[in-house]
Amino acid sequence: MTSDGTKLHRRAFLASASSACAMPPPRRARAERGPALVPPPEIRSRNGVLEATLTAAPGAVQVGQFSFPGRLYNGAYLPPLLRVRTGDVMRIGLRNRLPAEPTNLHFHGMGVSPRGNSDNVFIHVHPGQDFQYEVKIPARERQGRGLFWYHPHAHGFVEKQIVGGLSGGIVVDGVDSYFPILKGLPERFLFIKHHEHMEKEIFSINGQINPVVAIRPGEVQFWRIAHIGATEFVKVGIAGMPLYAIANDGHPLSRPQRLTEFFIGPGQRIDAIAIGPPAGEYAMRTIPFQNQAWNPPTPAEQIATIVASGGQASAGAREAEILGQRVQEHRWIDEVRRAPIARRRTLNYSRTADRKVFMINGQVMDENRIDQTVKLGDTEEWTIVNTDRQYHSFHIHQTPFLVTEINGVPQHEDSLRDTFSTPPASQVSASSLKVVIPFTDPVTVGKFVYHCHSVDHEDKGMMGVIELVA
Ligand SMILES: [Cu+2]
């Protein structure tokens, strides 16, 4: 479960033990198709208000053939999708019925206030307590219109609560004003979570093992993919079926980008257009990659099956039509690119040799300390230096950022993001990620946090406190 590798030695041992047996490798069985993909239940705002109650409590989880004791909102491993528009207010009652843990709510990626009973992660809702959140979503372009998510953020308890099932999606509607081609398309939500079974990570989508996503050849669908799990970085591809990304982390690209595979860490989201391929079955699989230098890559796993069948939808040059889309609307990223850098800071990611403590600039998280004080109106450049030979990530609350450099190589990103992976250090040098962060929205004044979103690392200290002052 932990991505720090402490439990993974057995996997490496088994791999070497089985290769020593000189048996032929087992032929790769075709993954058994799961049930049809279920959509998440939805709660929508009405007349500008979204009302919801989320009760966090223990509960039994059944994911395919796997069962485990979970921590659930309203008894569901796939809790309600909250659906709002810019300018709405979310009134959410959180009831903590977990027997022995504080919890709270974070609205990941949203450009809302970190104060009071809004997106305030310093609130601790103790066992038996109720708390009423009121989150006002700004009626502005800066609040991305796209896919976000909610999860607990009580320091020290985040991993077990998200792994247990406490995470769900949020949609801020209106991305079709950037891409009118999206209007009326059938939406498919693919919410990735994972849990550990017999020391192996099991990935599920919408709480299902290898579900079937049905599409007609030539049909155009809108796929909304979110990693709302706790700790595992994944690389995903669909053999023979490209996707056309239109937004990252709820922030629009200027034009669709053809993807044949994508790297998605905990917290990241991709909105993409899918075109039904010729009739047949297409496997969505994880792709092995080197995460921790001291562990072999996690083997590939089929996480969904795309089944293209039925009559051909209206044919035509669909790919060309989609790739020809251009956003005409103003995008925040253009302002961020032009802004002068007011200040530069460096965050140094490290851990102890026993991997029990994870630090930023040599310190573990302390809710009572302010690590960075930033002036409203400033745009800053932060460099995250990763001295650890595994992936980490950078996430900051209340504002997205522009990734400008990875290991010294300039990046030409076409969207803002709110979570991005920092590659492992090599044997000889640390790796680095450079981001430009606009602290320009008065709504976000207050105290909030930045951290690695592999949340066991965050729980073990890899988080800092920032105060944005007017
Ligand atoms: Cu990390």
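Here are four short exercises on this predicted model, each with a worked solution.

**Exercise 1. Overall size**

Task: Work out how the radius of gyration of the protein squares with that of a compact globule.

Solution:
- Start with the chain length, which is 470 residues; a compact globule of that length would come out near 23 Å.
- Now take the value for the protein, 21 Å, which agrees with the globule figure.
- For the box, go along the principal axes: the C-alpha atoms fill roughly 60 × 55 × 50 Å.
- Then look at burial and contacts. Buried residues are 46% of the 470. Of the contacts with a separation of 6 or more, 78% link residues 24 or more positions apart.

**Exercise 2. An open sheet**

Task: The protein has five helices and 31 strands. Take the open sheet that contains β2 and find which strands stand at its edges.

Solution:
- Write down the strand order, β3-β2-β5-β7, with mixed pairing.
- Count partners: β3 (66-73) and β7 (130-136) have a single partner strand each, so one side of each lacks a neighbour in the sheet.
- Add the geometry: from one strand to the next, the twist averages 25 degrees.
- Zoom in on one pair. β2 (residues 49-63) runs antiparallel to β3, and eight bridges join them. In this pair, Ala-56 sits opposite Tyr-73 of β3.

**Exercise 3. Strand β8 and its partners**

Task: Decide whether the residues of β8 are buried or exposed, and sort them by the way they point.

Solution:
- β8 covers residues 147-151, and five of its five residues are buried.
- Recall the general pattern: side chains in a regular strand alternate between the two faces of the sheet.
- Sort them: Leu-147, Trp-149 and His-151 point one way, while Phe-148 and Tyr-150 point the other way.
- Check the β6 pairing. β6 (residues 106-108) is antiparallel to β8 with three bridges, and His-106 has His-151 as its bridge partner.
- Check the β9 pairing. Four bridges tie β8 to β9 (residues 168-172), again antiparallel, and Trp-149 faces Gly-169 there.

**Exercise 4. Nonpolar cores**

Task: Find which strand gives the most residues to the largest nonpolar core.

Solution:
- Background first: nonpolar side chains in soluble globular proteins tend to be buried together.
- The largest core here holds 81 residues, and those with the most contacts inside it include Leu-82, Phe-107 and Leu-190.
- By strand, β2 gives the most, with six residues.
- Don't forget the second, separate core: it has 30 residues, among them Ile-333, Phe-401, Leu-402 and Val-465.
- Finally, follow Leu-190. Beyond four places away in sequence, its contacts include Ile-205, Trp-223 and Ala-304.

Definitions and conventions
Residues are numbered from 1 along each chain as its sequence is written. This is a predicted model: local features need pLDDT of at least 70, side-chain atom pairs count only at pLDDT 80 or more; totals for chains, interfaces and linings use all residues. Helices (H or I, at least four residues) and strands (E, at least two) are DSSP runs, numbered from the N terminus. The radius of gyration is taken over C-alpha atoms; the globule rule is 2.2 Å times the number of residues to the power 0.38. A residue is buried if 20 or more other C-beta atoms lie within 10 Å of its own, exposed if 12 or fewer, and partly exposed in between; C-beta atoms are placed from the backbone. Two residues are in contact if their C-beta atoms, placed from the backbone, lie within 7 Å. Two strands pair if DSSP finds at least two bridges between them. Axes are lines fitted to C-alpha atoms, for helices over the stretch in contact, and angles run from 0 to 180 degrees between N-to-C directions. A nonpolar core is a set of buried Ala, Val, Leu, Ile, Met, Phe, Trp, Tyr and Cys residues joined through C-beta atoms within 7 Å.
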